[in-house]
Amino acid sequence: MRAFFIGRFQPYHLGHHEVLREIFSEVEEVVIGIGSAQESHTIENPFTAGERVMMVDRAVGELMAEVGERKVYIIPLEDVYRNSLWVSHVVSMTPYFNVVYSNNPLVIRLFREAGFEVRKTKLFNRVSYQGTEIRRRMICGERWEDLVPRPVVEVIEGIDGVKRLRDIAGTDV
Ligand code: ATP
Ligand code: MG
C-alpha cells in the first residue's frame, strides 16, 4: 500500500509528524505532497517549496530512526485554482497511491468524489500544533521551537527563517 498526505507545511510541525507516524503504522510507503508550492515570502506561506522539502525530508529521516526504513516521495505541487481538476493534477504529478490521509474537508471531498479511499486521522494538540499559531509566535518573538521536530528548527535557523517572516510582516511606515 502507498499513502498520499498533503500539506502546505508552513512550517512542518509536530501535528504533521504525529499524522505521519500514524500513517506509517498502517501503510508501508508514503507520498507527501507539498501544497501551494509556488508560494513563498508571504505571511501565510513564508517558506519556498525547496525549503519545505528540506524540512519534511529531515523530519522524516528522524522518524525512520523510530519506525524503520520506509520509502517516502516528497513532491511539490503547485495550485491549479480549479478544484474540479485538482485530483487529476495531483495524480499526474505523483507516484501511484491507493489511500489518502487527510483532515481537510475539501481535500477529503475531492478525493472521495474521485473514488479514492480517504482516511481521517486524530487531531493532535490542534491548538498549538498549527502552522498559523507557529507563524504568529515567530512574528511575536514567542517560543515556537517546541512545536516542530528538532531537524525543522535547524532548517529554519539555517535560512534565517524567523527574520524573513518578521521582515515580511513589517510595514513600510
Ligand atoms: P496552517 O495553519 O498554515 O493552515 P496547518 O497546521 O493547518 O497550517 P497544513 O499544512 O495546512 O498545516 O496541514 C496539512 C494537513 O495536516 C491538513 O490536512 C491538516 O488537517 C493536517 N494537520 C495539521 N495539523 C494537524 C494536527 N495538529 N493534528 C492532525 N492533523 C493535522
Ligand atoms: Mg491548514
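In this predicted model, Leu77 lies in the loop that links strand 3 (72–76) to helix 3 (83–93). With 19 other C-beta atoms within 10 Å, Leu77 is partly exposed, because a residue counts as buried only if 20 or more such atoms lie within that distance. Setting aside neighbours up to four places away in sequence, the contacts of Leu77 are Gly33, Ile34, Gly35, Ala37, Val90 and Met93. Glu51 stands 26 residues from Leu77 in sequence, and the two C-alpha atoms are 14 Å apart in space.

A second residue, Gly161, may be described in the same terms. Gly161 belongs to helix 7 (residues 161–169). This residue also counts as partly exposed, with 19 C-beta neighbours inside 10 Å. Beyond its neighbours within four places in sequence, Gly161 is in contact with Pro46, Phe47 and Ile156. Pro46 is 115 residues away from Gly161 along the chain, yet their C-alpha atoms are separated by 7.9 Å.

The two pairs are set out below.

| Residue pair | Separation in sequence | C-alpha to C-alpha distance |
|---|---|---|
| Leu77 and Glu51 | 26 residues | 14 Å |
| Gly161 and Pro46 | 115 residues | 7.9 Å |

**Overall fold**

The protein contains seven helices and five strands. Their order along the sequence is β-α-β-α-β-α-β-α-β-α-α-α. Contacts that reach far along the chain are well represented: of the contacts between residues at least 6 apart in sequence, 72% join residues at least 24 apart.

Along the principal axes, the C-alpha atoms occupy a box of roughly 50 × 40 × 25 Å. The radius of gyration is 16 Å, which agrees with the value near 16 Å that a compact globule of 173 residues would have. Buried residues account for 33% of the 173 residues.

A UniProt record, from an unreviewed entry, places the feature "domain: Cytidyltransferase-like" at residues 4–137. Over this stretch the chain is 44% helix and 16% strand. The C-alpha atoms at its two ends are 29 Å apart.

**The nonpolar core**

In soluble globular proteins, nonpolar side chains tend to be buried together. Which residues touch the most other members of the largest nonpolar core here? They are Phe5, Ile23, Met55 and Val56, out of 37 residues in that core. Several elements give two or more residues to this core: strand 1 (2–7), helix 1, strand 2 (29–34), helix 2 (49–67), strand 4 (99–101), helix 4 (105–113), helix 5 and helix 6 (150–158). Helix 2 provides the largest share, with seven residues.

Phe5 illustrates how such a core is connected. Not counting residues up to four places away in sequence, Phe5 touches Val19, Leu20, Ile23, Val30, Ile32 and Tyr101. Ile23, one of these partners, is itself among the core residues that touch the most other members.

**The surroundings of ligand 1**

There are 19 residues around ligand 1, and Gly7, Gly15, Asn103, Gly131 and Thr132 come nearest. By residue type, the shell divides into 12 polar, five nonpolar and two charged residues. Helix 1 (14–26) and helix 5 (131–140) each supply at least two residues of this shell. Which helix gives the largest share of the shell? Helix 1 does, with three residues. Helix 1 and helix 5 thus serve two settings in this description, since both supply residues to the shell around ligand 1 and both give residues to the largest nonpolar core.

Notes: Residues numbered from 1 in each chain as written. Chains lettered and ligands numbered in written order. Predicted model: local features only at pLDDT ≥ 70, side-chain atom pairs only at ≥ 80, totals over all residues. Near = placed C-beta within 6 Å. Helix = DSSP H or I, 4+ residues; strand = E, 2+ residues; numbered from the N terminus. Nonpolar A, V, L, I, M, F, W, Y, C, P; charged D, E, K, R; others polar. UniProt positions renumbered as here; feature names shortened; annotations may be inferred. Core = buried A, V, L, I, M, F, W, Y, C linked by C-beta atoms within 7 Å. Buried ≥ 20, exposed ≤ 12 C-beta atoms within 10 Å, placed from the backbone. Contact = placed C-beta atoms within 7 Å. Rg over C-alpha atoms; globule rule 2.2 N^0.38 Å.
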